[in-house]
Amino acid sequence: MSVYREPALSDSPFHEHLHTNYIPTDAGIGQIRGHLMPHEEELARLDALIRDLSTKRGRIKGYIDAHKALVSHPRRLPPELLQKIFVQCLPTTHNAVMSVAAAPLLLGHICSRWRAVAFSTSRLWDSLHVSVKYVGWNSDKSAAIIDWLTRAGSRPLSLSISCEKGDYPESAHCESLLPLLFTFSARWSSLRCTKVPVKHLLQLEEGIEAPLLEDIHVTCQSPTPYSGPGSHILDSPLFNGTRVSITTLDPAALIEERLQGVGHRWDHLTDLALDRLGPRSPSPDFEDEYTYRYLDYNAVYRLLQRCTNLRSLKVPVEVGDDLTDETLDVPLLESLTLVVAGSSCDALGELIEHLVMPQLTKFHLINLDSADYPPPPSNLKLHRPHEDIVAILHTVLADFSPHLQKFSLGHPYVSTFLNADELFRNLSPGSVTIPGLDLTELSLDLEYVPDALWSQFLWEHINHHTRLRKFHLQLWSPHRRDVPPPAAPDIDPFLTRGLDVAVTHHIRPPWQMSPWQGIENR
């Protein structure tokens, strides 16, 4: 067997033709192929050898790694130290989530030892965020919740329960889920209910005992009933916690009845926040619209009388009947936030004069519905506006049109309720609906609309010589595997005329239920 000698390019019989434009004859092609045959055989032999060596290397490395694992530092960590490390993996801004991509479930997917340590560490399981829709559509998750909270042992529990819309499917899921969570109420220390339907929140009154509960945050998407058991939701033993926050369509309805009588005192409260859910303007055209009532100044006065240990208070207020002449000592109040309707600001001083607050260090005034007070804005952004977008354009833009230069309409799902033709017609030059509107910049984030619609809109601005210089449009199409994404539109005619135009098409990914639903800023 001849010994293969590695060749050099200079040794080739064809070296004078290499790296040139030389075209060999048919005879020359045969000679080249014959010359390469032994070299190709050697290359094939080397490739096979490399494969064999690579396989052998893998076996040897696996053997070494298996033995190194026996002496690795993580393996030798004592369980107590592992537990401390695991606890540091927990989220700090929200409760733990039922996801294998995050602690604590992630920690149980590394190895059997870590899983045993994680499952025996009660501190890892004393908080839980529950997305009602996610749990409702995954039947095995109810049993998983029981296992989760059981692992917490006797530790106080922090729970957050979130509905996305409070619609019928979620309401049905609540009926089965809430009783399951109520079985752990004796260990609740913090409870946050977001958009849970009111009829299910009323179950909080029905003999639920939560002696450890100190924090309770409730956001009601539907109005609180003004009479019957719903109007007494604050009388639930659950609201004996020291820190209470309630957001609802009508905060006044929650406590007005109790403030009328003499038997209701909330001396146990140290922190109370009442918020309105909104704002949404009342309209006779919609049956689900409601008139929003704040607490008048007298109600705030009486509320402070009943809450003698308050350290912080946030409440929506408005002008009411004349205040009593008596001053009120609020000895412990350190923080006061008043959400005030614009027309109520003039009488605010009268309320403050009647309160003696020696410990007050923080005073925050939020002035709502006060278009007459601040200067008209030149830059207006509407992100996830109310469904009646045309009404918003008629009212808000009409008030600010002489001053408004930049307008941004965000969130593509708004176009579910939007007539795109009407939107562009209202924003077109010479609009009768919004006279005087002369924008310099316009940004829209919408579901898909035809190119001809926005193109015609821009040509109208060019032909009328308006001040519009920037137009950015993001269009969203539903996810469909059988439909290719739209082609990029031709914007060159507008760019050559000095307009800053950008039109971007996006394909909205298919919606998926997620255990993270209801957690903000994660």
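Where is H19 found? The exercises below work through this and other features of the model.

The model is predicted: local features need pLDDT of at least 70, side-chain atom pairs count only at pLDDT 80 or more, and totals for chains, interfaces and linings use all residues. Residues are numbered from 1 along each chain as its sequence is written, and side-chain values use heavy atoms, with hydrogens and water left out.

**Exercise 1. Backbone exceptions**

Task: place H19 and H465, then describe their phi angles and the peptide bond between A103 and P104.

Solution.
- Step 1. H19 is found in the segment before α1. Helices (H or I, at least four residues) and strands (E, at least two) are DSSP runs, numbered from the N terminus.
- Step 2. H19 is not a glycine, yet has a positive phi of about 60°. At 78% relative accessibility, H19 counts as exposed. Buried means under 20% relative accessible area, exposed over 50%, and partly exposed in between (1.4 Å probe, protein chains only).
- Step 3. H465 lies in the loop between α14 and β16. Its phi is positive too, about 55°, although H465 is not a glycine. H465 is exposed, at 72% relative accessibility.
- Step 4. The bond joining A103 and P104 is cis, with omega about 10°. P104 lies in the loop between α3 (79-88) and α4.
- Step 5. For background: most residues other than glycine have a negative phi, and most peptide bonds are trans.

**Exercise 2. Salt bridges**

Task: state how many salt bridges a search of the whole structure finds, then examine the pairs R155 with D126, K314 with D275, and D438 with R467.

Solution.
- Step 1. Apply the criterion: a side-chain nitrogen of Lys or Arg within 4 Å of a carboxyl oxygen of Asp or Glu. The search finds nine salt bridges.
- Step 2. R155 pairs with D126, and their closest N and O atoms are 2.8 Å apart. R155 sits in the loop between α6 (140-151) and β2 (157-162), and D126 in the loop between α4 (112-119) and β1 (127-131). The pair links distant parts of the chain, 29 residues apart.
- Step 3. Compare accessibility. R155 is partly exposed at 31%, whereas D126 is buried at 7%.
- Step 4. K314 pairs with D275, with closest N and O atoms 3.2 Å apart. K314 lies in strand β8 (residues 312-318) and D275 in strand β6 (residues 271-276), so the pair ties together parts that are 39 residues apart in sequence. K314 is partly exposed, at 25% relative accessibility.
- Step 5. D438 pairs with R467; the closest N and O atoms are 3.2 Å apart. D438 is in the loop between α13 (420-427) and β15 (441-447), and R467 in the loop between α14 (451-463) and β16 (470-477). These distant parts of the chain are 29 residues apart. D438 is partly exposed at 27%, and R467 is partly exposed at 39%.
- Step 6. Look for shared partners. R123, D126 and R155 are joined into one network by salt bridges that share partners.

**Exercise 3. Cores**

Task: describe the largest nonpolar core and a second, separate one.

Solution.
- Step 1. Define the set: buried Ala, Val, Leu, Ile, Met, Phe, Trp, Tyr and Cys residues joined through side-chain atoms within 4.5 Å.
- Step 2. The largest core has 71 residues. I145, L149, L181, W188 and L313 have the most contacts inside it.
- Step 3. A second core, separate from that one, has 28 residues, including L409, L446, V449 and L468.
- Step 4. In general, nonpolar side chains tend to be buried together in soluble globular proteins.

**Exercise 4. Contacts between residues far apart in sequence**

Task: find the C-alpha to C-alpha distances for Y134 with S514 and for W266 with L310.

Solution.
- Step 1. Y134 lies in helix α5 (residues 132-136). Y134 is buried, with a relative accessible area of 12%.
- Step 2. Y134 and S514 are 380 residues apart in sequence, but 5.9 Å apart in space, C-alpha to C-alpha.
- Step 3. W266 is found in the loop between α9 (251-260) and β6. W266 is buried, at 7% relative accessible area.
- Step 4. From W266 to L310 the C-alpha distance is 9.2 Å, across 44 residues in sequence.
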